[in-house]
Amino acid sequence: MLTKKCVLLFSGKGSNIENLINNQASLNGKLKYVAAFTNNSNAKGIDICSDNDIEVTISDQEELNFNLKKFLSKHKPDLIILAGYMKILPDDIVDKYAGKIINIHPSLLPKYPGLNTYEKVLKNNDLFHGATIHYVDTTLDGGPVILQGKFKIRKKLSIKELEYLTHKVEHKIYPIVVKWIADDLVTVENNIIQFNDKDIHSPITYIVDDLNI
């Protein structure tokens, strides 16, 4: 059995990274987190990676994309996980690693790409919210959707509460997708998700109904 090599890209707290690391036993040795990269020397995710013996490369902003290319060339990853990486990847990196980069976004894409998703959800009185895991292409928060975690919004929810609930959903669904990839259940061909060798034309949805503040 060949173990897939995975690298983690992050910019901040690293809660998704910590959650993925804590769930790595479910991967049964099929995928290993070999290294991490961040653009923020103050990111809490650095300590999380260090505590788990994962090498972290910290880049300055001026040479960010050059350093990222060097990092990826060094590790030759089978999977690149964006876990709160708050920078847009340059097109040449996306093209080179097409089908190997996944991202998590705090909305039910294609609704609300970009920033300030929670404010938009509450302003529009949406009935549902959630998080989306997708393969990365050269469009903003675009690319084929693998899995969405969805929950019903209670009345009079604050932005802080909505963010908290969305993070709980992220922590449920990201390990699921990583395990699918580790088990060779999910791939992407011609911008179409394949699950267990069958084309998936609508996002797989995980309904989450056990959330609480």
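**Helix H6**

I began with helix H6, residues 159-182, in this predicted model. I looked up what it lies across. The list is E1, E2, E4, strand E5 (101-105), strand E6 (128-135), strand E7 (145-152) and E11. Against E7, helix H6 runs at about 150°.

**The eight-stranded sheet**

Next I followed the strands under H6. In what order do the eight strands of the open sheet stand? I read E3-E2-E1-E4-E5-E6-E7-E11. The pairing is mixed. The edges are strand E3 (55-58) and strand E11 (204-207), each of which pairs on one side only. From one strand to the next, the twist averages 20°.

I picked one pair for a closer look. Strand E1 covers residues 4-10 and strand E2 covers residues 31-38. They pair in the parallel sense, over seven bridges. Within this pair I noted Leu8, which stands opposite Ala36 in E2.

**Helix H3**

Helix H3, residues 64-75, also lies across strands. I listed E1, E2, E3 and strand E4 (79-82). Its direction makes an angle of about 160° with E2.

I checked the length of H3. It has twelve residues and reaches 17 Å from its first C-alpha to its last. That is close to the 16 Å expected at 1.5 Å a residue.

Which residues of H3 are buried? I found Leu64, Leu68, Phe71, Leu72 and His75. They cover an arc of only 95° around the axis, so they sit on the same side of H3. The face turned away from that buried side carries the exposed residues Phe66, Lys70 and Lys74.

I then asked what covers the buried residues of H3. The cover includes E1, E2, E3, E4 and helix H4 (91-96). Just after the helix, Lys76 takes a positive phi of about 45°.

**Helix H1**

I turned to helix H1, residues 15-22. Here Asn16, Ile17, Asn19, Leu20 and Ile21 are buried. Two of the names I wrote down are asparagines, Asn16 and Asn19. What covers the buried residues of H1 includes E1, E2, helix H2 (45-51), E4, E5 and H6. My opening helix, H6, thus turns up again in this list.

**A cis peptide bond**

I looked through the backbone next. The peptide bond from Leu109 to Pro110 is cis. Its omega is near 15°. Where does Pro110 lie? I placed Pro110 in the loop between E5 and helix H5 (117-123).

**Two asparagines with positive phi**

I noted Asn125, which is not a glycine yet has a positive phi of about 55°. It lies in the loop between H5 and E6. Is Asn125 buried or exposed? Exposed means over 50% relative accessible area. Asn125 has 63% relative accessibility, so it counts as exposed.

Asn191 went on the same page. Its phi is positive too, at about 70°, although Asn191 is not a glycine. I found Asn191 in the loop between strand E8 (186-189) and strand E9 (192-195). With 55% relative accessibility, Asn191 counts as exposed.

**The three-stranded sheet**

Asn191 led me to a further open sheet, which has three strands. The order is E8-E9-E10, with antiparallel pairing. Its edge strands are E8 and strand E10 (198-200), and each pairs on one side only. Direction ignored, neighbouring strands are turned by 40° against each other on average.

I took the pairs in turn. E8 and E9 pair in the antiparallel sense over four bridges. Val188 stands opposite Ile193 in E9. The two strands form a hairpin, with two residues between them. In that turn, Asn190 has a positive phi of about 50°.

How many bridges join E9 to E10? I counted three, and these strands run antiparallel. Gln194 stands opposite Asp199 in E10.

Last, I compared the two faces of E8. Which residues make up its covered face? They are Val186 and Val188. Thr187 and Glu189 make up the uncovered face. Val188 therefore carries two notes in my book: it is on the covered face of E8, and it stands opposite Ile193.

Notes
Residues numbered from 1 in each chain as written. Predicted model: local features only at pLDDT ≥ 70, side-chain atom pairs only at ≥ 80, totals over all residues. Heavy atoms only, no water. Pairing = 2+ DSSP bridges. Axes fitted to C-alpha atoms, helices over the stretch in contact; angles between N-to-C directions. Contact = heavy atoms within 4.5 Å. Buried < 20%, exposed > 50% of the residue type's maximum accessible area, 1.4 Å probe, protein only. Expected span 1.5 Å × (residues − 1). Arc of directions from axis to C-beta.
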